[in-house]
Amino acid sequence: MDLIDVFWTERDALYRHAWKILGNPQDAEDAVHDCFLRLSPRDKAPPEATHPRAWLFRVLRNICIDRLRARQKAVDPGHQDAIAAQLHPGGAQTMTAEHEVIMSDTLRRVQDGLRDLPGEEAETLTLAVVEGLSYAEIAYATNVPIGTVRSRLHRARRALRELLAADPHALSEPGA
Amino acid sequence: MSENERPDELALEAYADGENNAETAYVAQLLPGCEEARTYVAEIREINEAVRLLEGAVRAPDTLTERLNRARPANQPARPTLSRRVLLQSGLAAAAVAGGVLVYNASSGRGPYLQEVLFGDFRTMEAAGRRLDFASSDAMAVVGWFRERLPFELMELAGLTGLSIRGGRLCWLMNRRCASLEFASPKGSYCLYIAEAEGLKIDPRRALPEPGAAAIALSGETLSGVVWRDDALAYALIGEPSAPDLASVAAQLRIAKPGGTSG
C-alpha cells in the first residue's frame with residue numbers, strides 16, 4: 001500500500017483531526033486537500049515506513065499549525081507564540097452540533113470536559129481513542145516523546161474522571 | 001495482590017488503549033486478581049467510549065472527496081464519495097483499516113488475543129455495573145442504534161427475537177469498532193460481540209474458524225464463550241452460561257444473515 005492509499009483510507013480521520021485543530025469544517029477540508037497535494041506520486045513507500053499513518057497526521061498537523069499562525073498573524077501580528085493553546089479551539093461542541101449523538105449526562109460532562117482540556121491533551125486523547133493511533137504513532141505525529149504522550153493522556157483522563165466523579169448520578173443509562 | 005504488584009494507572013490506561021507490549025501483557029496477567037484495577041480499566045473504557053461517540057461521527061464530506069479525486073495522480077483510480085461509501089460493503093474494509101486493525105496482526109505472535117480481551121471486557125463491565133450506551137428490550141431499536149455507528153452491517157433480527165436483550169455498547173476492542181449486545185437469561189448474562197475479523201486470533205495457537213465453519217468453544221474460570229465467523233465478521237458470545245448453552249444461542253443467531261444496506 002503506498003502513501004496515497006493510506007491517505008484515502010485515513011481521510012475521515014484526517015478530516016476530523018484537521019477540524020479539531022482548526023475549529024471549522026471548511027478550513028479542515030482545505031487543510032486535508034493541501035496535505036494530499038503534498039504527497040508525491042513517486043512515494044511508493046512512506047518516508048517513515050513504520051508509521052505511515054502517523055506521518056500523514058504529522059504533515060497535516062503542520063499544515064494546520066501554519067494555518068493557525070496565518071490566522072493569528074492576521075488578527076494580531078505581534079503575538080504568534082500561542083499556537084499550541086489554539087489547538088482544539090471548538091472541539092467536540094463544534095462537531096457534535098452538526099452530528100447528533102445520544103447525549104447522556106455522561107456524554108454531556110465528557111463534552112464539557114473535552115472543551116476545557118488543554119489543546120495538546122485533547123489532541124492526544126482523540127488521536128489515541130478516536131483515531132486508534134498507537135502511543136508510538138502519536139509520539140511521531142505530534143513530535144514528542146512517548147512519555148509525554150502517556151502523561152498527556154493521563155492528565156486528560158484524570159480531568160474527565162474528576163468531572164464525572166463530581167456527580168455520581170451523571171453515570172445514568174443513556175437512551176433508556 | 002500486594003501494593004507492589006498492582007499495575008500503575010498509566011499501565012492500566014495503556015492496556016485499555018490496546019497498547020501491545022510487555023507492560024500491557026503484565027497488566028492482562030494481573031487484572032483477573034485485582035478488582036481495583038479492573039474498575040479503573042472499566043472507567044477508562046467508559047471515558048474512551050464517550051469520547052468516541054462525541055468525536056468519531058464526523059466523516060470527510062463528498063465535497064472533499066470530489067476535490068481529492070480531481071487532484072489525484074492520473075494513474076490512481078477515483079474513490080467513492082461518502083454517499084456512495086455508506087452503500088458499499090467494500091467500504092467496510094477501509095473503515096477497519098482506519099481504526100488501526102492492522103496493529104494486531106496474526107504474524108506479530110503476541111497478544112492481546114480475542115479470548116483474553118473479550119473475557120477481560122466482560123469482567124470489567126461487571127465491575128462497572130454493566131452500564132450500557134443504549135438500554136432497550138427492543139432488539140430492533142438496539143440494532144437500529146448500532147447501524148448508525150458501525151462500519152459494518154449487523155445481522156437481521158430473526159435470531160434475536162427469542163432472546164432477552166438488555167441493550168448495547170459500542171466498544172473499541174483491539175483497535176477496532178465492536179458492537180456488544182447484552183442479553184439476560186436464567187443462567188446468567190452474556191454478551192454478543194461483533195467485529196471485523198481481519199487479523200484476529202483467538203489465542204496464540206488458535207486462529208478464528210473459517211467463515212461458515214463450526215463455532216469454537218472457549219472456557220475461563222467463571223466465564224464461557226463461543227466464537228465463529230461469517231463472511232468478514234467475527235462473532236463471540238461471552239458470559240456466565242455454559243459453553244453448550246451459548247452454542248445453542250449461537251446456532252439460533254447463525255440462521256440470520258447480515259442485513260442489506262441501510263443507506
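These legends walk through several close-up views of a predicted model.

**View 1. Chain A, built from helices.** Let's start with the whole of chain A before zooming in. Chain A has 9 helices and 0 strands, so its element order reads simply α-α-α-α-α-α-α-α-α from the N terminus on. The chain counts 176 residues, and 56% of them are buried. Among the contacts in chain A with a separation of 6 or more, 70% are between residues 24 or more positions apart. What chain A leaves exposed comes to about 7400 Å², with carbon and sulfur atoms supplying 49% of that area.

**View 2. Helix 8 of chain A, tucked in.** How many of the 8 residues of helix 8 are buried? The count is 7 of the 8, so this helix (residues 135-142) is largely enclosed by the rest of the structure. The buried ones are A:Tyr135, A:Glu137, A:Ile138, A:Ala139, A:Tyr140, A:Ala141 and A:Thr142. Right after helix 8 of chain A comes A:Asn143, with a positive phi near 60°.

**View 3. A:Asn143, just past the helix.** Here we stay with A:Asn143, which sits in the loop between helix 8 and helix 9 (146-165) of chain A. Its phi is positive, about 60°, although A:Asn143 is not a glycine. That's worth a look, since most residues other than glycine have a negative phi. Is A:Asn143 buried or exposed? A:Asn143 is exposed, with a relative accessible area of 57%.

**View 4. B:Asp231, another positive phi.** Over in chain B, B:Asp231 has a phi near 55°, again a positive value in a residue other than glycine. You'll find B:Asp231 in the loop between strand 8 (224-230) and strand 9 (233-239) of chain B. With 53% relative accessibility, B:Asp231 counts as exposed.

**View 5. A salt bridge from chain to chain.** The structure holds 23 salt bridges over all chains. One of them pairs B:Arg67 with A:Glu29, and their closest N and O atoms are 3.5 Å apart. This pair crosses between chains: B:Arg67 belongs to helix 4 (residues 62-71) of chain B, and A:Glu29 to helix 2 (residues 25-37) of chain A. B:Arg67 counts as buried because its relative accessibility is 19%. A:Glu29 is buried as well, at 6% relative accessibility.

**View 6. B:Asp121 and B:Arg169, a helix-to-strand pair.** The side chains of B:Asp121 and B:Arg169 meet in a salt bridge, 2.6 Å from N to O. Which parts of chain B does the pair link? B:Asp121 lies in helix 7 (residues 114-127) of chain B and B:Arg169 in strand 2 (residues 164-173) of chain B, 48 residues apart. B:Asp121 and B:Arg169 are both buried.

**View 7. B:Arg166 and B:Glu182, a strand-to-strand pair.** Here a salt bridge joins the side chains of B:Arg166 and B:Glu182, at 2.4 Å from N to O. B:Arg166 is in strand 2 of chain B and B:Glu182 in strand 3 (residues 176-184) of chain B, with their positions 16 residues apart in the chain. B:Arg166 is partly exposed, at 29% relative accessibility, whereas B:Glu182 is buried, with a relative accessible area of 1%.

**View 8. Nonpolar cores.** Which residues touch the most other members of the largest nonpolar core? Of its 87 residues, B:Leu181 and B:Leu237 do. Helix 1 (residues 3-22) of chain A gives this core its largest share, 12 residues. Beyond its neighbours within four places in sequence, B:Leu237 is in contact with residues including B:Tyr190, B:Leu192, B:Val226, B:Trp228, B:Leu246 and B:Leu253. There's also a second, separate core of 21 residues, with B:Leu118, B:Cys171, B:Leu173 and B:Val227 among them.

**View 9. How confident is the prediction in chain B?** Chain B averages a pLDDT of 75, and 75% of the residues score at least 70. Among the elements of chain B, helix 1 (residues 9-16) has the highest mean pLDDT, 93, and helix 6 (residues 91-98) the lowest, 28. Over residues 83-111 of chain B, pLDDT stays under 50, and the model has 53 contacts beyond four places in sequence for that stretch. Residues 256-263 of chain B also stay under 50, with 21 such contacts. The model scores ipTM 0.79 and pTM 0.56.

Definitions and conventions
Residues numbered from 1 in each chain as written. Chains lettered and ligands numbered in written order. Predicted model: local features only at pLDDT ≥ 70, side-chain atom pairs only at ≥ 80, totals over all residues. Heavy atoms only, no water. Salt bridge = Lys/Arg side-chain N within 4 Å of Asp/Glu carboxyl O. Helix = DSSP H or I, 4+ residues; strand = E, 2+ residues; numbered from the N terminus. Buried < 20%, exposed > 50% of the residue type's maximum accessible area, 1.4 Å probe, protein only. Core = buried A, V, L, I, M, F, W, Y, C linked by side-chain atoms within 4.5 Å. Contact = heavy atoms within 4.5 Å. pLDDT = per-residue confidence, 0-100. Areas by Shrake-Rupley, 256 points an atom, 1.4 Å probe, with all protein chains shown as cover.
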